[in-house]
Amino acid sequence: AERNLLTTGMAKTTAPFTEAGPLGAGLKAVGDANPVFAPMDGSTRVGTVRFADKDTAHKAIENARKGFEAWSRRPVEERAAALDKVGDLLEEHRDRLMMILSMEAGKCLTDGIAEIREAVDFCRYYAAEARAQFGEGRLMPGPTGEENRYRHRGRGVFVCISPWNFPLAIFLGQISAALLAGNAVVAKPAEQTPLIAYETAKLMYQAGVPEDAFYLLPGEGDVGAALTSHPAVAGVAFTGSTETAWAINGTLATKRGPIVPLIAETGGINAMIVDATALPEQVCDDVMMSAFRSAGQRCSALRILYVQEDVADSLLAMLEGAAKELSLGDPRLPSTDIGPVIDDEARDGILAHIEDMKESQKLRFAGQTPQGKLANGSWVAPHIIELDKAEALTREVFGPVLHVVRYKAKDLDKVLDQIAGTGYGLTLGVHSRIDATVKKVVDRLSVGNVYVNRNTIGAVVGTQPFGGSGLSGTGPKAGGPSYLTRFALEQVVSINTAAAGGNASLVAAS
Ligand code: UN1
């Protein structure tokens, strides 16, 4: 299999060793170099990282504040060209990036390829949107002798805090939007995935993003807290847990300084409804994909499947059969469907949930974890758990655990109430050949991304803008037309052109 990888040219089998640390003009590396181990075996060293501390965080914001002045005055076209170039460089370095994604984050090759594609798409899509949206805006004409100009400009220093489950695509999606809108950025990648962030940051500088307009701060929670509580911060983009989003919201609301926007994309207890008219093979495929791909470590992943009771036994039998076929193993091998979860802490949390559930609910399927060389990795095999009632699942469990609950056709309204009652609204699937049922489900629930007769993951940038409501986030949708402008400041300049010296051309579009 290793020879296959090399001969297909897909990737090299070992990840390059990366020594990561803070990046950006005027920052000094401090602290110890901590080893980063591959989650697939817990022992292969992928690189080292020096974490930033509170002082480095403050210094980065102060320096970025200065870098902002020049970056925000650059014409939109220059900023867009730099981000387009980032996209080109990601494609050029695809193999190396894929290996780091596999080794550091446990990503399978298919997930790695898709993630790099998504990161490239974010850069190019937002660059195109910046060109289209940040020119002079249209306004109603004012009185004679007055010129009104509408434009977008950067807000200042944006803090971007990104998760480990899309350590390249979401990391870069936030940053590219913030930079294109004319902000300087201080980014804190997830503490579990500093290496891919570091490699990407270096490519960004190579593409022409100035070292005083973009700072990378690998770090833990203390660095995030130091960044979000700094009074000079002009906005925060965050993707991660609902609990952390609440904490950031609280910090932003109570700290000194201006009122700043928070763009938060958080979790979900995502459901799929399958009625008796659905096509079983299609459902089976889509459920496998939605619940188990990426080891269930997507905020879009399916957590709870509602199956109409008339077809529940046959569908469960199919799902169990299909889950048995999933192959867990080295994420660098093309034959692997599911890699490890991100680390031992994540594994222990998911396994504790399964143990808990086993006591009162029915365990329908438990897969096998890899043995031999990979036995000590952070593994969780796919599980299917049948719940006696949906209320038994009270929180998002971020792993390959599918919960199934039966419902009676006459109780569809109760199912919809139950889903709405979670307070989350990220993804939702419905499988039915009855148009009225599909319409009822789609119209009734305030869920951000609804998928009809298909799987519920893998939203495509620019085609399926992604993001939820309620406990799932603030919006705007990533990869959609309104994302970029939320990072920018709208400015209207009204000029009395009749007055001596009045000259509308002084105010150019950004
Ligand atoms: C996340 O998992 O944090 O549609 C969000 C999808 C991805 C989800 C990203 N865009 O599967």
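Here is a walk through a sheet, the helices beside it and the ligand's surroundings in this predicted model.

Let's start with the sheet. It's an open one with 7 strands, and reading across it you get β12-β13-β14-β11-β10-β16-β17, with mixed pairing. The edges belong to β12 (362-366) and β17 (449-452); each has a single partner strand, so one side of each is left without a neighbour in the sheet. From one strand to the next, the twist averages 20 degrees.

Now zoom in on β10. This strand (residues 271-274) runs parallel to β16 (residues 427-431), and 4 bridges join the pair. If you want a spot to look at, find Val274, which stands opposite His431 in β16.

Next, look at what lies over these strands. Helix α10 (residues 280-292) lies across β10, β11 (304-308), β14 (401-407) and β16, and runs at about 175 degrees to β10. Helix α10 also packs with helix α11 (residues 309-324), at about 50 degrees and with the axes 10 Å apart. Angles from 35 to 65 degrees count as oblique, so α10 and α11 are oblique to each other. Their crossing is right-handed. On the α10 side, the contact is made by Pro280, Val283, Cys284, Val287 and Met288, while α11 brings residues including Leu315, Met318 and Leu319. By class, that contact has 10 nonpolar residues, 1 polar and no charged ones.

Finally, the ligand. Among the residues around it are Pro163, Asn165, Phe166, Thr239, Arg298, Cys299, Ile457 and Phe466. The shell divides into 7 nonpolar, 4 polar and 1 charged residue.

Notes. Residues are numbered from 1 along each chain as its sequence is written. This is a predicted model: local features need pLDDT of at least 70, side-chain atom pairs count only at pLDDT 80 or more; totals for chains, interfaces and linings use all residues. Two strands pair if DSSP finds at least two bridges between them. Helices (H or I, at least four residues) and strands (E, at least two) are DSSP runs, numbered from the N terminus. Axes are lines fitted to C-alpha atoms, for helices over the stretch in contact, and angles run from 0 to 180 degrees between N-to-C directions. Two residues are in contact if their C-beta atoms, placed from the backbone, lie within 7 Å. A residue is near a molecule or strand if its C-beta atom, placed from the backbone, lies within 6 Å of it. Ala, Val, Leu, Ile, Met, Phe, Trp, Tyr, Cys and Pro count as nonpolar, Asp, Glu, Lys and Arg as charged, and the others, Gly among them, as polar. Angles under 35 degrees count as roughly parallel, over 145 as roughly antiparallel, 65 to 115 as roughly perpendicular and the rest as oblique. A crossing is left-handed if the near helix is turned anticlockwise from the far one by less than a right angle, and right-handed if clockwise.
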